[in-house]
Structures are given as C-alpha cells and as structure tokens.
Amino acid sequence: MEKTIQRRKRSEPHTFEQRLEEHRVRLESQLAQLPRGAEREQIVARIDQLKTAVELNAMLSMRE
C-alpha cells in the first residue's frame, strides 16, 4: 500500500489587522450566546483588548 502525504493548503496571507478582526468577530458571536457571568465578562475584556491592539497598531503604522 502506497502512503501519500497530504499537504496543508496555504490560504491567502492575512494581515495582522485582519486576524484581529476575525478573532473579534468570533468572540462577539460567542458573547451573543452567553448569559451574564464571569465567562461573558472575560470575553468582553478580550474584545476590548483586541480593539486597543488595533488602535495601537494603527498609531504605530502611521509613524513609519
């Protein structure tokens, strides 16, 4: 029996901003399904961190 190695398909390269945005969207969809509580607050805090990261990256990109 002959073994074949499956290669992983490479997707289009994503920018840092695109990856942050995709992660934020995933977290917001999770957030919509959660009741109030500690887990929900952690996700809200993470979303705020992602927004701050986008803003800081934009400010640093303008300096170049």
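Here is a friendly note on two helices of this model, the contact between them and a few residues to look up.

1. **The model.** Please keep in mind that this structure is a predicted model. The two elements to find are helix α1, which covers residues 16–33, and helix α2, which covers residues 38–63.

2. **How the helices lie.** How are α1 and α2 oriented to each other? Their axes come within 10 Å and cross at roughly 160°. An angle over 145 degrees counts as roughly antiparallel, and α1 and α2 are therefore roughly antiparallel to each other. The crossing of these two helices is left-handed.

3. **Who makes the contact.** From α1, the contact is made by Phe16, Glu17, Leu20, His23, Arg24, Leu27, Glu28, Gln30 and Leu31. From α2, the residues are Arg40, Ile43, Val44, Arg46, Ile47, Leu50, Lys51, Ala53, Val54 and Asn57. Sorted by type, the residues of this contact are ten nonpolar, three polar and six charged. Try colouring them by type and see how the groups are spread.

4. **The salt bridges.** How many salt bridges does the structure hold? There are two. One pairs Glu21 with Arg24, and their closest N and O atoms are 2.3 Å apart. The other pairs Arg24 with Glu28, where the closest N and O atoms are 2.7 Å apart. Through shared partners, these salt bridges join Glu21, Arg24 and Glu28 into one network.

5. **Spacing along the helix.** Here the numbering is worth a look. Glu21 and Arg24 both lie in α1, three residues apart, which is about one turn of the helix. Arg24 and Glu28 are separated by about one helical turn too, because they are four residues apart in α1.

6. **Arg24 in detail.** Is Arg24 buried or exposed? Buried means under 20% relative accessible area; Arg24 has 18%, so this residue counts as buried. Its two salt-bridge partners come out as partly exposed, a class that lies between 20% and 50%: Glu21 has a relative accessibility of 36%, and Glu28 has 32%. Leaving aside neighbours within four places in sequence, Arg24 is in contact with Ile47, Leu50 and Lys51. Those three residues also appear among the α2 residues of the helix contact.

7. **Asn57.** Now move to α2, where Asn57 is found. With a relative accessible area of 18%, Asn57 is under the 20% limit and so counts as buried. Which residues does Asn57 touch, leaving aside neighbours within four places in sequence? They are Phe16 and Glu17, and both of these are among the α1 residues of the helix contact.

8. **Arg40.** This residue is also in α2. At 25% relative accessibility, Arg40 counts as partly exposed. Leaving aside neighbours within four places in sequence, Arg40 is in contact with Leu31, Leu34 and Pro35. Of these, Leu31 is one of the α1 residues in the helix contact. Another pair to check is Arg40 and Leu27, which are 13 residues apart in sequence and 9.9 Å apart in space, C-alpha to C-alpha.

9. **What to take away.** A good way to review all this is to start at Arg24. This residue sits in helix α1, forms salt bridges with Glu21 and with Glu28, and takes part in the contact with α2. From there, follow the contact to Asn57 and Arg40 on the α2 side.

Definitions and conventions: Residues numbered from 1 in each chain as written. Predicted model: local features only at pLDDT ≥ 70, side-chain atom pairs only at ≥ 80, totals over all residues. Heavy atoms only, no water. Salt bridge = Lys/Arg side-chain N within 4 Å of Asp/Glu carboxyl O. Buried < 20%, exposed > 50% of the residue type's maximum accessible area, 1.4 Å probe, protein only. Axes fitted to C-alpha atoms, helices over the stretch in contact; angles between N-to-C directions. Parallel < 35°, antiparallel > 145°, perpendicular 65-115°, else oblique. Left-handed = near helix turned anticlockwise from the far one by under 90°. Contact = heavy atoms within 4.5 Å. Nonpolar A, V, L, I, M, F, W, Y, C, P; charged D, E, K, R; others polar.
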